Amino acid sequence: MSAVLDDHGHAHDHHGGYGGIMRWITTTNHKDIGTLYLWFSFVMFMVGGVMALVIRAELFEPGLQFVNPDFFNQMTTMHGLIMVFGAIMPAFVGFANWQIPMMIGAPDMAFARLNNWSFWILPFAASLLVLSFFMPGGAPGVGWTMYAPLTVQMGMGMDLTIFAVHLLGMSSIMGSINILTTILNMRAPGMTLMRMPMFVWTWLITAYLLVATMPVLAGAVTMTLADRHFGTSFFNAAGGGDPVLYQHIFWFFGHPEVYIIALPAFGVVSQVIPAFSRKPLFGYASMVSATTGIAILSFIVWAHHMYTVGMPVTGQLFFMYATALIAVPTGVKVFNWVATMWKGSLSFETPMLFAIGFLFLFTMGGFSGLVLSLAAVDIQLHDTYYVVAHFHYVMVAGALFAAFAGVYFWLPKWIGRMYDETLGQWHFWLTMIFFNVTFFVQHFAGLAGMPRRIPDYPLMFETWNKISSIGAFGFGLSQLLFLYIVLKAIRSGERAPQRPWEGADSIDWTMLPTPAPYHTFETPPLIK
Amino acid sequence: MAQTAYSSTPQQHYHVPQPMPWPIMGSAALFLMALGATFVFNDSSGGWISIAFGFMILLYMMFRWFGDVIRESEGGKYGAREDLSFRWGMSWFILSEVMFFFGFFGALFWARVMSVPDLSSLLHNEMLWPGFKDLWPSAGPGFAEKFTPMGAWGVPAINTLLLLSSGITLTYAHWGLVNNQRGKLNLFLFLTIVLGATFLGFQIYEYGHAYSELNLKLTTGVYGSTFFMLTGFHGFHVSLGAIMLTVILIRCLSGHFKSDHHFAFEAVAWYWHFVDVVWLLLFVVVYWL
């Protein structure tokens, strides 16, 4: 046992054997790795954001202005892939890295070296994606869903994208195995499953979803690769295969993926709302079962993405009912958040603003999802801007707003300094307003029949698109303010008090100093 | 103290390893291999060099990384808590492997139950593929050459016996390890590897037979695609399993593992049984029915 103790006796505030850049490359510390995830995610958010602005600039007016249609398609594809796999997912893994060990009383993640690898695959995978722009034929313009048979016909960039998806999948699977193991095996004595903070619960379920679905996506893109280069016929009808098969396999991954993105966001909001309502989370047990219910249902609803592809009516009905059923556990969550605020002693600092913004807008995104779940309605709306509006209400107003709430909420714990509250409020209101300017009007464009993934459109859609493009540029520029706020907090923010949020009562706030030291809970605390 | 740390002492400190350069090496290796493969698939030059370079880095990284883990394990740094972490980790990893195969079995199911019957349905028969019949195995309506499907009761049946026996010998080896009978352990572990290698030999023979005599190829429509991709990925996993068993055998011969502390052995055994179960499913739905 003495050998074990030696490793840790002098561990406070030293960063192992490496300094400078090598510290970050070789680190096994969950806080370092969490920081890496968050910065990487922010860089990808900017890259994907610039692509979105290219799209919106082109769509400002009918006709072709800035880019050719092929490049436009490359932009929509890469915007989707980079935002989903490069920005949103790593952001929440970053939160998980920072917070889960501190919230359950663990010294670090269960597999600290694997944790490093999970992160350091990401920049290489992102490089593959970006490199595809420089291949003959450019990046693939197939849409982030990468449907066959178009993927089978693309150039070299498609192969790089396929391998990038493989690497991203490996990273996610390793990260998730780590998170699952940490939560299941590293909790401090007394930290029973039903005492865990809600954020930890949502990540437990999310990580399970990732382990179960990411390999299926890997299989799907492997089949694409084989159809492209090895002469197989998975997606080729002449050989007895079926392009629709790709869609089934993809969405078997793709729908749980929606909850992979949404559940950690629910988790963050479930920490923030009680803290600023100064009340415990309403209906904790029902929150846990709702999260589990959403996860189970997410496996049996995938074909609601495919109503128009040709499916027996029985199939459409099954997927329609199953999809509508998800509204029940989601509704439980929304009502629980509202009930948490009910008669609470509310205050509206920036994290709370983003959480409430999330609550409003995500609920709207949920409702438009309910509209789309109806097969008869979806046939009209499939592949229109209504769908684009719907999923941006879920992805941006859902996941991104929750991520902002999380950063503002936990930044004092991480760096020991406060952000500028006035600027934070500005950031919220600019984001909130420009988000709605950008995406709310897209509902109308979609209902009027404007198809998505198209660089040109008839004159009748011009007004909606002009408004949307103006909103998008405002939204994008507002995010530079976020960067400034974070940098300012790091460089010259006010010293944070031990508990800047009096209502926050998870053990990372109550049992650890602020800022959290480099190593925390080396000896497990006893949770009473 | 280190000798008994595993089972008796209540543990205070979880082993958090020191910073190390292996993960970044692994990432660079994967990057080089992905880039190389892209070049090879598109007939650009230099691809193989990149793949070979990446693979060598990957091998070196695995030697060093696993070496560190083995040293730590033998040095008594892993207690009950770490052991349980490895158990959870391996279980979830196997679930992810199950789901990978699930996707390919799903493709086979889709071809047999949905796409081939659909292509021979009334509509398609009249409009697109006159005369195409819904008979499995099928290479689809656009495939003109004749081929013979792979039968179940020749080599595949022998392979089933081989893999099932290897599961039994592996369990005997485990009993040897648990009961401190190292001779039994080494013998049966060696037998397991021999059975696995024989399986792979037969599999290679079967592929040769398919290509040269049955005219059954990867390009033989959806039947060839699913047949070779499913059995191929399974064979790849058997190869990995056999390499892992070999590493375990070398470790056993060097006196590693204790009767109550040998999760590396168990993890590989779990993996081997998983590969075994996948084979049984393959045998039933790919070869037999």
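The following chat goes through a predicted model of two chains, A and B.

Me: What should be known about numbering, letters and confidence before we start?
Reply: Residues are numbered from 1 along each chain as its sequence is written, while chains are lettered from A and ligands numbered from 1 in the order in which they are written. As this is a predicted model, local features need pLDDT of at least 70 and side-chain atom pairs count only at pLDDT 80 or more, whereas totals for chains, interfaces and linings use all residues.

Me: How many helices and strands are there in chain A?
Reply: Chain A has 17 helices and zero strands. Helices (H or I, at least four residues) and strands (E, at least two) are DSSP runs, numbered from the N terminus.

Me: And how does its radius of gyration stand against the globule rule?
Reply: The radius of gyration of chain A is 23 Å, close to the 24 Å that the globule rule gives for 528 residues, so chain A is as compact as a globular protein of that length. The radius is taken over C-alpha atoms, and the rule is 2.2 Å times the number of residues to the power 0.38. Along the principal axes, the C-alpha atoms of chain A fill a box of roughly 65 × 50 × 45 Å.

Me: What percentage of chain A counts as buried?
Reply: Of its 528 residues, 59% count as buried. A residue is buried if 20 or more other C-beta atoms lie within 10 Å of its own, exposed if 12 or fewer, and partly exposed in between, with C-beta atoms placed from the backbone.

Me: Then which class does A:P123 fall into, buried or partly exposed?
Reply: A:P123 has 16 C-beta neighbours inside 10 Å and therefore counts as partly exposed. A:P123 lies in helix α5 (residues 112–131) of chain A.

Me: Turning to helix packing, at what angle do α8 and α9 of chain A pack?
Reply: Helix α8 (residues 198–229) and helix α9 (residues 243–277) of chain A pack at about 165°, with their axes 8 Å apart. α8(A) is therefore roughly antiparallel to α9(A). Axes are lines fitted to C-alpha atoms, for helices over the stretch in contact, and angles run from 0 to 180 degrees between N-to-C directions. Angles under 35 degrees count as roughly parallel, over 145 as roughly antiparallel, 65 to 115 as roughly perpendicular and the rest as oblique.

Me: Which residue classes make up that contact of α8(A) with α9(A)?
Reply: The contact of α8(A) with α9(A) holds 23 nonpolar residues, seven polar and one charged. Ala, Val, Leu, Ile, Met, Phe, Trp, Tyr, Cys and Pro count as nonpolar, Asp, Glu, Lys and Arg as charged, and the others, Gly among them, as polar.

Me: How far apart are the axes of α9(A) and α14(A)?
Reply: The axes of α9(A) and helix α14 (residues 385–415) of chain A are 9 Å apart, and the two helices pack at an angle of about 40°. That makes α9(A) oblique to α14(A). Among the residues in the contact are A:A262 and A:A265 of α9(A), and A:G398 and A:A402 of α14(A). By class, the contact of α9(A) with α14(A) has 13 nonpolar, three polar and no charged residues.

Me: What about chain B: how many helices and strands?
Reply: Chain B has eight helices and zero strands. Its C-alpha trace spans about 80 × 45 × 35 Å along its principal axes. Of the 289 residues of chain B, 38% count as buried.

Me: How many residues of chain B are in contact with chain A?
Reply: 64 residues of chain B are in contact with 65 residues of chain A. Two residues are in contact if their C-beta atoms, placed from the backbone, lie within 7 Å. The largest share of the side of chain B that touches chain A, 22 residues, comes from α3(B). By class, that side has 39 nonpolar, 23 polar and two charged residues.

Me: Which residues does B:A107 touch?
Reply: Not counting residues up to four places away in sequence, B:A107 touches A:M223, A:F234, A:L245, A:I249 and B:T226. B:A107 is found in helix α3 of chain B. With 28 C-beta neighbours inside 10 Å, B:A107 counts as buried.
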